[in-house]
Amino acid sequence: MAEDLVLDRAIRDWVLIPLSVVMVLIGFLRYFVSKLMRSYQTPDRKVVKEGQVVLRARNLRVAAGFIPTKSFWSRRVYFTNEENGLLHVPKEQAQNPQAQMFSDPNMAMDMMKKNISMIVPQTLTFTWVNFFFSGFVAAKIPFPLTHRFRGMLQNGIDLSTVDVSYVSGRSWYFLNLFGLRGLFSLILGEENATDDAQRMMQMGGFGFDPTKSLSAEKDSLDIIQHEWILPKMEKRAEDVLKKLLK
Amino acid sequence: MAGEGDLRTSAKESEDDLPILNAENLQSNIKSVYYSRTFLSIIGGVVAGIWGFTGLTGFVFYFLVMAVASLGLAAKAKFSVNKYFDSWNRILIDGVFGGLMSFVLSWAFAYDIVHIF
C-alpha cells in the first residue's frame with residue numbers, strides 16, 4: 001500500500017523552495033514594517049511615573065535587609081501612608097485606567113494595527129498558496145500520521161490510496177508557518193511580531209497594570225518583617241574565613 | 001564572573017545564603033539557552049533528513065540531540081545551576097518543545113530535497 005511515489009524534480013524547485021523563501025521574506029517585511037510603524041507611541045507621563053514608583057518600592061522590598069530597621073520603617077511609611085503615600089490609590093481612580101484603555105483612540109488604533117499587520121499577510125499568503133499550489137502532491141513528511149489527518153493535509157488530492165505522508169501545498173504552508181518562528185527569533189533578534197498569543201498578552205496588560213501593581217506593592221511592603229543583616233555579618237565573615245583557612 | 005566566549009554572566013551575587021539573582025543576567029542566560037536549542041533543532045533536523053530517518057526514529061533522534069544539548073549546557077554552567085540560573089528546569093527542560101516545530105520543518109525539508117528529489 002505504501003509504494004514510493006516518484007515526484008517530479010520541478011516540484012522541489014517551484015513549490016517547496018519558493019514557498020519557504022516567500023514566507024521568510026514576508027516575515028522580514030512584517031518585522032521591518034512593524035518597527036517603522038511603532039515610532040509614534042509617546043508613553044503617558046502618569047503611567048511612567050507610576051511605573052517608576054513601583055520600581056522604587058520593589059527595590060526597597062528586595063533590599064530591605066541592608067538598611068537599619070528605623071530607616072526601613074520611615075521609607076515604608078513614605079510609600080504606604082494613607083494620606084499622601086505614593087502607593088495609596090483612592091478608590092475612584094482605580095476604575096479609570098480600564099475605561100481609559102478601551103476608549104482611548106490611540107490604544108485601539110495600535111491594537112488594530114498590530115492585529116492587521118499579523119493577520120493580513122497570513123491570509124494573503126494562504127490564499128496565494130491555495131490558488132497556485134493545490135491539487136497535487138507537494139512534499140513527503142518523514143513520519144506517518146493516521147488517516148484522520150488525511151482531510152487536513154491532503155486537501156487537493158482526491159485519491160484515497162495515497163499514503164498520508166504525501167501532503168499538499170497547504171500543509172507545507174502550515175509547517176513553514178510554525179517552523180519558521182524559531183528561525184526568525186534567531187535571525188531577527190528578540191521575539192518579534194510572529195507570535196500572536198504573546199503579543200495579545202502584552203497588549204492586555206498595558207493599561208491595567210498601574211493600579212493593580214500599586215496595591216500589590218503596597219500589600220507586599222506592609223507584610224515584610226524587617227531584619228537587619230549587619231549584626232550577622234561578622235559571624236558570617238568569621239565562618240567564611242574559617243573555611244578558607246582550613 | 002563573566003563566562004568566556006558566549007554571553008553567560010553570573011546571575012548570583014557574592015553572598016551564598018541570600019538567593020539574590022541579577023534579573024538581567026538571568027534573562028540573558030535564558031535567552032542564550034533558547035538560541036542554542038533553536039539552532040541545534042534546525043541543524044538536527046537537517047541531519048535527520050539527510051540520514052533518512054523516518055517516523056519514530058526521527059523523534060528519538062531529536063530528543064537525543066536535546067539531551068546532548070542539555071548535557072553540554074550543564075557542563076558549560078559547571079554543573080552548579082545556582083550560579084547561572086534559578087532552577088534546573090531552565091537548562092534541562094525549557095525550550096525542548098519549542099524547538100520541535102523547527103526540527104520537523106527542517107527535517108521534512110532536508111528529507112524531501114535529498115531523498116525524493
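Welcome to a left-handed crossing: that is how helix 7 of chain A and helix 5 of chain B meet. The model is a predicted one, and this briefing starts with that pair of helices before turning to chain A as a whole.

**Where the two chains' helices cross**

- The partners are residues 169–187 of chain A, which form helix 7, and residues 98–116 of chain B, which form helix 5.
- Their axes lie 7 Å apart, and the packing angle is about 125°.
- Because angles from 65 to 115 degrees count as roughly perpendicular and those over 145 as roughly antiparallel, this pair is classed as oblique.

**Who touches whom**

- Helix 7 of chain A brings Trp172(A), Leu175(A), Asn176(A), Phe178(A), Gly179(A), Leu180(A) and Gly182(A) to the contact.
- From helix 5 of chain B, these residues are met by Met101(B), Ser102(B), Val104(B), Leu105(B), Ala108(B) and Phe109(B).
- Sorted by class, the contact between the two helices holds nine nonpolar and four polar residues, with no charged ones.

**Chain A at a glance**

- Nine helices and two strands make up the secondary structure of chain A.
- Reading from the N terminus, the order is α-α-α-α-α-β-α-β-α-α-α.
- Chain A has 246 residues, and 34% of them are buried.
- Among contacts in chain A with a separation of 6 or more, 72% join residues 24 or more positions apart.
- The accessible surface of chain A amounts to about 16,200 Å², and carbon and sulfur atoms account for 64% of that area.

Notes:
Residues are numbered from 1 along each chain as its sequence is written. Chains are lettered from A and ligands numbered from 1 in the order in which they are written. This is a predicted model: local features need pLDDT of at least 70, side-chain atom pairs count only at pLDDT 80 or more; totals for chains, interfaces and linings use all residues. Side-chain values use heavy atoms; hydrogens and water are left out. Helices (H or I, at least four residues) and strands (E, at least two) are DSSP runs, numbered from the N terminus. Buried means under 20% relative accessible area, exposed over 50%, partly exposed in between (1.4 Å probe, protein chains only). Contact means heavy atoms within 4.5 Å. Accessible areas come from the Shrake-Rupley method with a 1.4 Å probe; for residues, only the protein chains shown count as cover. Axes are lines fitted to C-alpha atoms, for helices over the stretch in contact, and angles run from 0 to 180 degrees between N-to-C directions. Angles under 35 degrees count as roughly parallel, over 145 as roughly antiparallel, 65 to 115 as roughly perpendicular and the rest as oblique. A crossing is left-handed if the near helix is turned anticlockwise from the far one by less than a right angle, and right-handed if clockwise. Ala, Val, Leu, Ile, Met, Phe, Trp, Tyr, Cys and Pro count as nonpolar, Asp, Glu, Lys and Arg as charged, and the others, Gly among them, as polar.
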